[in-house]
Amino acid sequence: MYKLQPDDLPHYSYDDYILWEGRWEIISGLPYAMSPAPSIKHQQISSRIAQILEEQLSNCEQCFALLPVDWKITDDTVVQPDNMVICHQPITSNTLVKRQTLFLKCSQNLLRIKTAPPSSICTKPKV
């Protein structure tokens, strides 16, 4: 019996990704369908997180809390985190590129937080 090898799988890039219909992510060139849509409870939690982030970032002019947007990490990895914090002006209006970013991914009652170095997170000025 033939054992499937990594080279046997198709390898997709951002150029392929932007042509697809529906919600997808690609990680290391492999496509992942983002369906079905998140549950109502998932959306409630994500919305609440976004609200809290907005409140916490209200005094920071360079930081923004975002809901799912395309984040192009590399040419063959594009993800859509549930919640993100960016501390820079986006280069384009449609896609974020790899920068120091905080993002939150809600998944089955588990909240995963991944962050860049602390220097990338906006802090309130000391008075």
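**Cores.** I started with the nonpolar cores of this predicted model. The largest one has 8 residues. I listed its members as I49, L53, L57, C60, C63, A65, V85 and C87. I then looked for a further core and found a second, separate one of 5 residues. W71, V79, M84 and I86 are among its members. I noted the general background too: in soluble globular proteins, nonpolar side chains tend to be buried together.

**Overall layout.** I checked the secondary structure next. The protein chain comes to 2 helices and 9 strands. I read the order from the N terminus as α-β-β-α-β-β-β-β-β-β-β. The protein chain has 127 residues, and 32% of them count as buried.

**Surface patch.** Which residues form a nonpolar patch on the surface? I found Y2, L4 and L9 there. Together they have about 340 Å² of accessible area. I placed L9 in the segment before helix 1, which spans 14-17. L9 is partly exposed, at a relative accessible area of 37%. Patch members need over 30% relative accessible area, so L9 passes that cut-off.

**Backbone oddities.** I went through the backbone for unusual angles. The peptide bond from S35 to P36 is cis. Its omega is near 5 degrees. I located P36 in the loop between strand 2 (30-33) and helix 2 (40-56). I also noted S28, whose phi is near 55 degrees. That is a positive value in a residue other than glycine. S28 sits in the loop that links strand 1 (24-27) with strand 2.

**Salt bridges.** How many salt bridges does a search of the whole structure find? I got 1. The side chains of D75 and K72 meet in a salt bridge, with N to O at 3.9 Å. The cut-off is 4 Å, so this pair qualifies. I looked up the exposure of both partners. D75 is partly exposed, with a relative accessible area of 41%. K72 is partly exposed as well, at 24%.

**D70.** I then turned to an acidic residue in strand 4, which covers residues 70-74. D70 is buried yet has no salt bridge. What is the nearest side chain of opposite charge to D70? I found R23, 7.5 Å away. A salt bridge needs a separation within 4 Å, so R23 does not qualify. I looked for polar contacts instead. The side chains of D70 and Y17 are joined by a polar contact of 2.6 Å. Another polar contact, at 2.9 Å, links the side chain of D70 to the side chain of Q80.

**P81.** I checked P81 against D70. The two are 11 residues apart along the chain, and their C-alpha atoms are separated by 8.0 Å. I placed P81 in the loop between strand 5 (77-79) and strand 6 (83-86). Is P81 buried or exposed? I have P81 as buried, because its relative accessible area is 1%.

**E25.** I followed Q80 to a second acidic residue. The side chain of E25 reaches the backbone nitrogen of Q80 at 2.7 Å. E25 lies in strand 1. At 6% relative accessibility, E25 counts as buried. I therefore log two separate links to Q80: the side chain of D70 meets the side chain of Q80, while the side chain of E25 reaches the Q80 backbone nitrogen, under the 3.5 Å limit for polar contacts.

**E61.** I closed with an acidic residue in the loop between helix 2 and strand 3 (64-66). Is E61 buried or exposed? I recorded E61 as exposed, because its relative accessibility is 79% and the cut-off is over 50%. I also looked up the spacing of E61 and Q89. They are 28 residues apart in sequence. In space they are 9.9 Å apart, C-alpha to C-alpha.

How values were computed. Residues are numbered from 1 along each chain as its sequence is written. This is a predicted model: local features need pLDDT of at least 70, side-chain atom pairs count only at pLDDT 80 or more; totals for chains, interfaces and linings use all residues. Side-chain values use heavy atoms; hydrogens and water are left out. A nonpolar core is a set of buried Ala, Val, Leu, Ile, Met, Phe, Trp, Tyr and Cys residues joined through side-chain atoms within 4.5 Å. Buried means under 20% relative accessible area, exposed over 50%, partly exposed in between (1.4 Å probe, protein chains only). Patches are made of residues with over 30% relative accessible area and no salt bridge: like charges are joined within 9 Å, nonpolar side chains (Val, Leu, Ile, Met, Phe, Trp, Tyr) within 5 Å. Accessible areas come from the Shrake-Rupley method with a 1.4 Å probe; for residues, only the protein chains shown count as cover. Helices (H or I, at least four residues) and strands (E, at least two) are DSSP runs, numbered from the N terminus. Lys and Arg count as positive and Asp and Glu as negative; His and the chain ends are not counted. A polar contact is a pair of N or O atoms within 3.5 Å; within protein, one must be able to donate a hydrogen and the other to accept it, and residues adjacent in sequence count only if both atoms are side-chain atoms.
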